[in-house]
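Trainee: I have the sequence and the structure open. Can we go through them together, chain by chain?

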Amino acid sequence: MSETVLSIRNLSISFQTASGMVNAIRGVDLELRKGETVAIVGESGSGKSVTVKAIMRILSSNGQINAGSILFHYEEKGKRVTQDLLKLSQKEMRSQINGRRIAMVFQDPMTSLNPTMTIGNQIMESMIIHLKKSRAEAHERALELLHLVGICDPEKRMKCYPHQLSGGMRQRVVIAIMLACDPEVLICDEPTTALDVTIQAKILELIKTIQAKTGISVIYITHDLGVVAKVADYVTVMYAGKMIERGTVEEIFYDPRHPYTWGLLSSMPDMGSPNEKLYTIPGSPPNLLHPITGDAFAPRNVHALNIDFKLEPPMFKVTDTHYAATWLLHENAPKIEMSETLKARMDHVAKEAESEWGEKQSYELLI
Amino acid sequence: MGNPVQSFTGGDFELAGNSERAQMDHTYTSQSYGRDAFLRFKANKGAVFGLVIIIIISFFAAFGPMMNEHTYKSINIKHKSLPPRIEGLENFFIFNGVANGVNAYEQKGLTDVYYIFGTDTLGRDLWTRTWEGTRISLYIAVIAVAVDMIIGMCYGLVSGYFGRSVDNVMQRFIEILSGIPNLVIVTLLIVVLKPGFVTVTLALMITGWIGMSRVARAQILKLKEQEFVLASRTLGAGHFRIIFKDILPNIFGQIIIMSMFSVPSAIFTEAFLAFIGLGIPQPMASLGSLISESFKSMTIYPYMIVAPVFVLALLMLSFNLLADGLRDALDPKMKES
Amino acid sequence: MRNYVLKRLGLAVVTLLVILLALFLMLELMPGSPFNDEKITQAQRAVLDAKYGLDQPVFNRFVHYIKAMLSGDFGVSYVIQKNMPISAMLEARLPVSIQIGFQAVLLGTAIGLLLGIVAALKHNSFADSLTTFISVIGVSFPSYVFALALSYFLGWKLKWFPLLYSSAAPFVSTVLPTIALSMFTIATVARFTRSEMIEVLSSEYIRLSESKGVGSARLIIVHALRNALIPIITVLAPLVVALMIGSLVIEQIFAIPGIGSLLVTAIQINDYNVIIAVSFLYSIMFIAIMLAVDILYGVIDPRIRLAKGEKHG
């Protein structure tokens, strides 16, 4: 197992809103190792984006970090340094970490580029700031980057403004901006959600290729399990601001333990089983304005135990890499398996995702 | 991991029977748009304050001049230049009838005479004149809204709905019209028609609606391609029905907001014209002309200017706050923060 | 960009023609002709008509009129200063008006921008409340109320500044009028800058720039301000109008010998030629400023600048 790059411990964040304090993150732990990809999965509002915004320290001003640490391990002048990112001032964070060592690709490429600045200037900016490169050097490197992300005629594109490029092109530009200073960690916040399906596959492929070339560690946020199956080594499932299950991608897809993960997996559309009605998880996520007792998922959980409404489940260990927070894993709990139909469906889905990935790769090769 | 010292009761690890239970969604309560907007408006203290003040000022504008025996033009030279004095508040520092260290009432032997806002240099009651002037401002406000609604809205809706060459011609016309400073339009009108009620009204009619027509046009351009309009058209609805029955209700929020914003600027324009003597002619009064008159004797009788300035500023402030509040309530997306 | 500028330019010219036509028609329709003197004989009248081209057809007269107006020949004043060429009157008065207008715009936008930016950065702080307060006050009081308050307290009571304009002290005596005139600009600019900056600062591309590690000074000046300024440009038109109307009053209060007070006097005593000349001057200034604003808009916003340019290479 390779060395740890980033570890989040017991992170807790709340937001002051007009209607009161919202506890968006209620204790999150995350481990990212060099060269690996961790996917964070969950419904909208489960706290995925807030978690990574906390890493980047770009939370909106009404957000406050109540507890926890984000330890970042990196090499500086040949020495290994460990730094709690939450202890840095905003200024130190911007000048030492953001863009330089940790970079982030945003969800919507249509709004994440500055409309009044040329593509070239936006790519060169961070190199000039962090690496103190001259404009000529930065220009040279920007051309390389545009080439790397698959934009043809980079010389001409450098002078373009964002509105002159398509969505897929813009997302490539964002990736180029983020790779400019060779960061150690790349955070991708639903980078393909706003794009066409055909472009999605290409962007995913691009990130994979870059990861293979540069050994960068990637945190991938998505609610699309198909994407997870394609890109991730490890998966973390979040629900209502908490991590409820984590494990390798195989463990999560073939042996999920948390009822929420079951629900999530079975609500994936599946072309292999045409007769079935698409499964949906009943109800909707809890309002985090109100304090939560017990398991946040309990009201929607058909397998909920009485204790689920009283006491929050701890993380139960399944294997060395696989943990889940559900009382069903307690020794006293009744043995509940997911239903056979679901199991069959999930097997199918997992296989489908795998094979789709294979198909896509061969498809890419053909082009 | 977890809490190792844990005591569980017997029933803890039994199924709670959720599988049979209907999954009702209790987390969020939904509200109608109108109720939502009303609540947002009510929560905005500034807007509610503005509305209350406008109601109070309108009340005084309507009934204030009838509250005493004076009329706006009744001159009483014996009572000229009296500072404010209110019965029962003689010891209260601003309403004691004392100005510049002299009690003008005692000096003139007027022990049982009271003027709430005082009198002007001709002995006219400022209370009556101030509320008469407020009537003018409120009349201007009504005209501004009417012009916005009748001319501006229809112009914008027609221009945006029909598009192409109709839109092209109508927009060029607006661009040219808005290129003429409204000061020049007002000047020319005054030269041709002489200052007065009609001139100010016409000036507002000529230029006041341009902003509204732009908003209405932008909104209709956004909406006319949407499915519900298409559906209505497929069902055979005519242009008139589509514009006024299908589209208008959807953009009415913006229209109201915009018309509220045009009120302060209309009142402003009148107040300016009145101040330079181009508004309502004497002996009638508007807030602007009252301020202008009392400005001439401001260094001797500073109290004369207080009431009209206060009422004008309060009125402007209230309309601004109300417009802001309505915008936040009716269209949260337009909200400033 | 070239097409855009040409289009704007064309529109400005048409607007100018419309204004000239309106002024010309007004002059034609006005009952008080300078030659309506009963002592003038028919023959003398014909000579005068020929001299001033009044015997020509209307269209020719209009063309002649345009030529005269554009070359700065506005005729003479009949009432204010008998037979004084109006262009000479304007020459003497225009610089004062422009000086005060310019000072007010400068002061107004500088303070307005500063207040707006600080308020947006320190959202919900004291500075924010102060800005909101100033902007509400600034749009709620007509500028003459500020002028009166300033001249009463700072001029009359404290005697810090002169009450009236004096050409001997062109700066000190314009301090009060400048402040009074700039209040509306301060309020409007501050209010718009604040709301635009708040919106831009919460946008995704600002998050992205932060993620790149752009420092806060650069973030605000290079990334946020430029984008926030684009919509602010659109409020410049009403501001210019407000300044023009405001100048009439302010020049009246402080006895400033500018074109605003000239217009007011001319209207009050029906000196038509002066009214027309000043109206024309105001129109030209307004059209020129609007044209400049439109072109500036194109320069600052690449989406407009490149909208047409792309097809032409």
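Trainee: How many helices and strands make up the secondary structure of chain B?

Mentor: This is a predicted model, so treat each count as a property of the model. From the N terminus on, the elements of chain B run α-α-β-β-α-α-α-α-α-α-α-α-α-α. The total for chain B is 12 helices and 2 strands.

Trainee: Which element of chain B has the highest mean pLDDT?

Mentor: Begin with the chain. Chain B has a mean pLDDT of 76, and 75% of its residues reach 70 or more. Among its elements, strand S1 (residues 98-99) of chain B has the lowest mean, 62. The highest mean, 87, belongs to helix H2 (residues 45-63) of chain B.

Trainee: Over which residues of chain B does pLDDT stay under 50?

Mentor: Look for a stretch with 6 contacts beyond four places in sequence. Read its placement with the low score in mind. The stretch is residues 1-5 of chain B.

Trainee: What share of the contacts in chain B with a separation of 6 or more comes from residues 24 or more positions apart?

Mentor: Burial first: chain B has 337 residues, and buried residues make up 40% of them. Now the contacts with a separation of 6 or more. Residues 24 or more positions apart account for 72%.

Trainee: How far apart are the end C-alpha atoms of residues 173-191 of chain B?

Mentor: The unreviewed UniProt entry annotates "transmembrane region" on chain B at several spans, including 47-67 and 173-191. Over residues 47-67 of chain B the model is 81% helix and 0% strand, with the end C-alpha atoms 29 Å apart. Residues 173-191 of chain B are 89% helix and 0% strand. Their end C-alpha atoms lie apart by 24 Å.

Trainee: Which helix gives the most to the side of chain B that touches chain C?

Mentor: The contact joins 33 residues of chain B to 39 residues of chain C. Four helices of chain B give two or more residues each: H5 (164-179), H6 (182-193), H10 (239-275) and H12 (306-330). One of them gives 8 residues, the most. That helix is H6(B).

Trainee: How many residues on that side of chain B are nonpolar?

Mentor: Split the side of chain B that touches chain C by residue class. There are 2 charged and 7 polar residues. The nonpolar ones number 24.

Trainee: Which helix gives the most to the side of domain 1 of chain C that touches domain 2 of chain C?

Mentor: The assignment splits chain C into domain 1 (2-70) and domain 2 (93-312). Their centres, taken over C-alpha atoms, are 35 Å apart. The contact takes 13 residues from domain 1 of chain C and 12 residues from domain 2 of chain C. On the domain 1 side, 11 residues come from helix H1 (residues 2-29) of chain C.

Trainee: What percentage of residues 94-293 of chain C is helix?

Mentor: The unreviewed UniProt entry annotates this span of chain C as "domain: ABC transmembrane type-1". In the model the end C-alpha atoms of residues 94-293 of chain C are 22 Å apart. Strand is 0% and helix is 81%.

Trainee: Which helix gives the largest share of the side of chain C that touches chain A?

Mentor: Here 21 residues of chain C are in contact with 28 residues of chain A. The elements of chain C giving two or more residues are H8 (204-212), H9 (216-233) and H13 (302-309). This side of chain C divides into 5 nonpolar, 9 polar and 7 charged residues. The largest share, 8 residues, is from H8(C).

Trainee: Which residue in S2(A) is the bridge partner of A:Gln16?

Mentor: Strand S1 (residues 4-17) and strand S2 (residues 20-33) of chain A are antiparallel over 10 bridges. They form a hairpin, with 2 residues between them. In S2(A), the partner of A:Gln16 is A:Met21.

Trainee: Which residue in S4(A) stands opposite A:Phe15?

Mentor: S1(A) also pairs with strand S4 (residues 63-76) of chain A. That pairing is antiparallel too, over 8 bridges. Opposite A:Phe15 stands A:Gly63.

Trainee: Where in chain A is the pLDDT below 50?

Mentor: Chain A has a mean pLDDT of 82, and 90% of its residues reach 70 or more. The stretch you want has 4 contacts in the model beyond near neighbours in sequence. It is residues 357-367 of chain A.

Conventions:
Residues numbered from 1 in each chain as written. Chains lettered and ligands numbered in written order. Predicted model: local features only at pLDDT ≥ 70, side-chain atom pairs only at ≥ 80, totals over all residues. Contact = placed C-beta atoms within 7 Å. Nonpolar A, V, L, I, M, F, W, Y, C, P; charged D, E, K, R; others polar. UniProt positions renumbered as here; feature names shortened; annotations may be inferred. Pairing = 2+ DSSP bridges. pLDDT = per-residue confidence, 0-100. Domains from an automatic or database assignment. Buried ≥ 20, exposed ≤ 12 C-beta atoms within 10 Å, placed from the backbone.
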